[in-house]
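Subject: Structure handover

Dear colleague,

I am passing on the structure we spoke about, and you will find the sequence and the coordinates just below. Please look through them first, and then read the notes that follow.

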Amino acid sequence: MLYLLAAIGALTIAVLLWRAFGAERVGVPSRRTSVAPDDDPDFLRKLAEDQHKPHDEKDR
């Protein structure tokens with residue numbers, strides 16, 4: 001019974017270590033976090049362009 005608990009414990013530790021450190025080395029792509037609109041350069045550029053347009057062009 002003691003050997004079974006030791007094996008389960010060792011397996012649990014191995015899986016946790018692999019999940020924490022090994023996934024990136026195996027080639028699993030990292031999760032990309034989304035970018036908030038105020039941090040997105042494309043959004044900010046478009047916003048600046050829209051602010052500089054004359055009002056006549058916006059209404060069309």
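Let me begin with one contact between charged side chains: aspartate 50 and lysine 53 meet in a salt bridge, with 3.8 Å from N to O. Please keep in mind here, and in everything below, that this is a predicted model. Lysine 53 counts as partly exposed, because its relative accessibility of 37% falls between the 20% under which a residue is called buried and the 50% over which it is called exposed. Aspartate 50 also counts as partly exposed, at 26% relative accessibility.

Salt bridges that share partners also join Asp42, Arg45 and Glu49 into one network. Within this network, the side chains of glutamate 49 and arginine 45 meet at 3.5 Å, again taken from N to O. Both of these residues lie in helix α2, which covers residues 41-52, and they are four residues apart, or about one turn of the helix. Glutamate 49 is partly exposed, with a relative accessible area of 42%, and arginine 45 is partly exposed as well, at 46%.

Which residue, besides lysine 53, does aspartate 50 meet in a salt bridge? The partner is lysine 46, whose side chain meets that of aspartate 50 at 3.5 Å, N to O. Lysine 46 and aspartate 50 are separated by about one helical turn, because they stand four residues apart in helix α2. Altogether, the structure holds four salt bridges.

If you now step back to the whole protein, you will see that it has three helices and zero strands, so that, following the DSSP runs from the N terminus, its elements read α-α-α. Of the 60 residues in the protein, buried ones make up 3%. The accessible surface comes to about 6,100 Å², and 61% of that surface belongs to carbon and sulfur atoms.

Lastly, there is a part of the surface that is not about charge, and it is worth finding in the viewer. Met1, Leu4, Leu5 and Ile8 form a nonpolar patch there, and together these residues have about 460 Å² of accessible area. Isoleucine 8, one of the members of this patch, lies in helix α1, which spans residues 2-26. With a relative accessible area of 46%, isoleucine 8 is partly exposed, and it can therefore belong to a patch, since patches are made of residues with over 30% relative accessible area and no salt bridge.

With best wishes

Conventions. Residues are numbered from 1 along each chain as its sequence is written. This is a predicted model: local features need pLDDT of at least 70, side-chain atom pairs count only at pLDDT 80 or more; totals for chains, interfaces and linings use all residues. Side-chain values use heavy atoms; hydrogens and water are left out. Patches are made of residues with over 30% relative accessible area and no salt bridge: like charges are joined within 9 Å, nonpolar side chains (Val, Leu, Ile, Met, Phe, Trp, Tyr) within 5 Å. Accessible areas come from the Shrake-Rupley method with a 1.4 Å probe; for residues, only the protein chains shown count as cover. Helices (H or I, at least four residues) and strands (E, at least two) are DSSP runs, numbered from the N terminus. Buried means under 20% relative accessible area, exposed over 50%, partly exposed in between (1.4 Å probe, protein chains only).
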